[in-house]
Amino acid sequence: ICADHRQPRAEASSGHCSQPGAELVAGLSAREAYISPKYFYDALGSKLFEAICDLPEYYPTRTEAAIYASHQDAMAAAVGTGCTLIDLGAGNCAKAASLFGALQPRQYVPVDISTDFLHQSVQGLQRRFPDIPMQPLAMDFSSTLTLPPEVNAQQRLFFYPGSSLGNFDPQQALAFLRRVRSALPSEEGGILIGLDLVKDTHVLEAAYDDALGVTAAFNLNVLKHVNELIGADFNARDWRHVAFYNARFQRIEMHLEARRDLIVRWPGARRTFRQGERIHTEYSHKFSEQDILGLLEQAGFGGCRMWFDARRWFAVCYAQA
Ligand code: AVJ
């Protein structure tokens with residue numbers, strides 16, 4: 001272990017390190033090694049996530065899409081038309097685009113850490129919707145939500161779909177929602193958030209450990225990205241994808257497990273991993289309706305409205321500032 005970069009997990013992953021290098025090295029040097037899930041999303045990682053969304057086992061994306069399809073008019077009635085639509089973790093922008101017709105946003109602001117992927121997505125989208133002004137922002141919004149002056153301040157709707165909030169632990173999730181709340185002037189605008197609900201363990205585990213191994217590839221790809229970012233020498237062949245549901249904490253956990261004893265080097269340090277030792281790469285928390293209402297209320301939002309799919313596997317919630 002390289003001792004001089006040790007840092008408690010909560011602090012490191014809540015984004016106090018502005019340099020990816022420092023944050024990654026802190027995580028790799030921690031007694032229980034971890035890599036923040038935001039590092040999944042290099043160009044290939046974003047494509048692998050798109051492929052995950054097409055898997056039969058990965059129900060969240062198509063379930064959430066079905067909720068938008070059936071309830072877009074009710075959502076538009078709650079939100080009002082002409083909002084400034086700020087899409088956090090926009091990716092391919094497909095979910096927001098499915099709401100353009102109903103919401104008629106005055107400006108669309110897709111925000112994503114995956115710069116090239118974001119710009120490609122927006123290019124295609126702008127051609128489909130030439131009348132909607134678009135202002136893509138390539139940034140890591142997990143630590144700060146400061147928006148440039150190009151982003152219209154009126155009637156902001158923060159759109160946070162895909163249960164991405166579940167990647168934070170509950171304390172970080174609350175802090176994040178409070179930051180969203182602070183980015184809204186009082187009594188104006190709100191948040192439209194999609195969250196995955198607690199359900200049968202087998203359904204959950206299959207969604208994160210699919211038969212084709214696409215999720216395994218998505219998880220292992222983070223090692224390639226880390227190699228690029230800090231010059232480490234991870235070999236993906238030495239690691240195994242591990243995913244399971246931890247009922248006590250209501251979360252899927254993803255890890256990478258060393259297949260043998262090995263040493264990983266990066267400039268200035270190295271670390272040994274024992275066979276079976278794991279690097280934690282992602283939590284995906286699952287929520288109850290009460291969890292969602294409690295979180296939004298504690299973050300300072302009110303007037304929550306929720307929509308579900310027929311099986312109640314997923315929830316979309318609108319809450320006002
Ligand atoms: C996009 C973060 C919500 O947690 O379900 C998919 C990412 N990880 N399969 C999720 C993911 C493994 C996804 N989020």
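Visitor: Which atom of the ligand is close to the side chain of tyrosine 58, and how far apart are they?
Guide: An oxygen atom of the ligand sits 2.5 Å from an N or O atom in the tyrosine 58 side chain. That is a polar contact, meaning a pair of N or O atoms within 3.5 Å. This is a predicted model, where local features need pLDDT of at least 70, side-chain atom pairs count only at pLDDT 80 or more, and totals for chains, interfaces and linings use all residues. Residues are numbered from 1 along each chain as its sequence is written, and side-chain values use heavy atoms, leaving out hydrogens and water.

Visitor: Cool! What about tyrosine 208 and glutamate 282?
Guide: Tyrosine 208 has a polar side-chain atom 2.5 Å from an oxygen atom of the ligand. For glutamate 282, an N or O atom in the side chain is 2.6 Å from a nitrogen atom of the ligand.

Visitor: And how much of the ligand does the protein bury?
Guide: The protein buries 96% of the 350 Å² that the ligand exposes when taken alone. These accessible areas come from the Shrake-Rupley method with a 1.4 Å probe.

Visitor: New topic: how many disulfides are there?
Guide: The count is zero, a disulfide being a pair of cysteine sulfur atoms within 2.5 Å. For cysteine 53, the nearest cysteine sulfur is that of cysteine 93, 13 Å away.

Visitor: Is cysteine 53 buried or exposed?
Guide: Cysteine 53 is buried, at 13% relative accessible area. Buried means under 20%, exposed over 50%, and partly exposed in between, using a 1.4 Å probe and protein chains only. Cysteine 93 counts as buried too, at 1%.

Terms used. A polar contact is a pair of N or O atoms within 3.5 Å; within protein, one must be able to donate a hydrogen and the other to accept it, and residues adjacent in sequence count only if both atoms are side-chain atoms.
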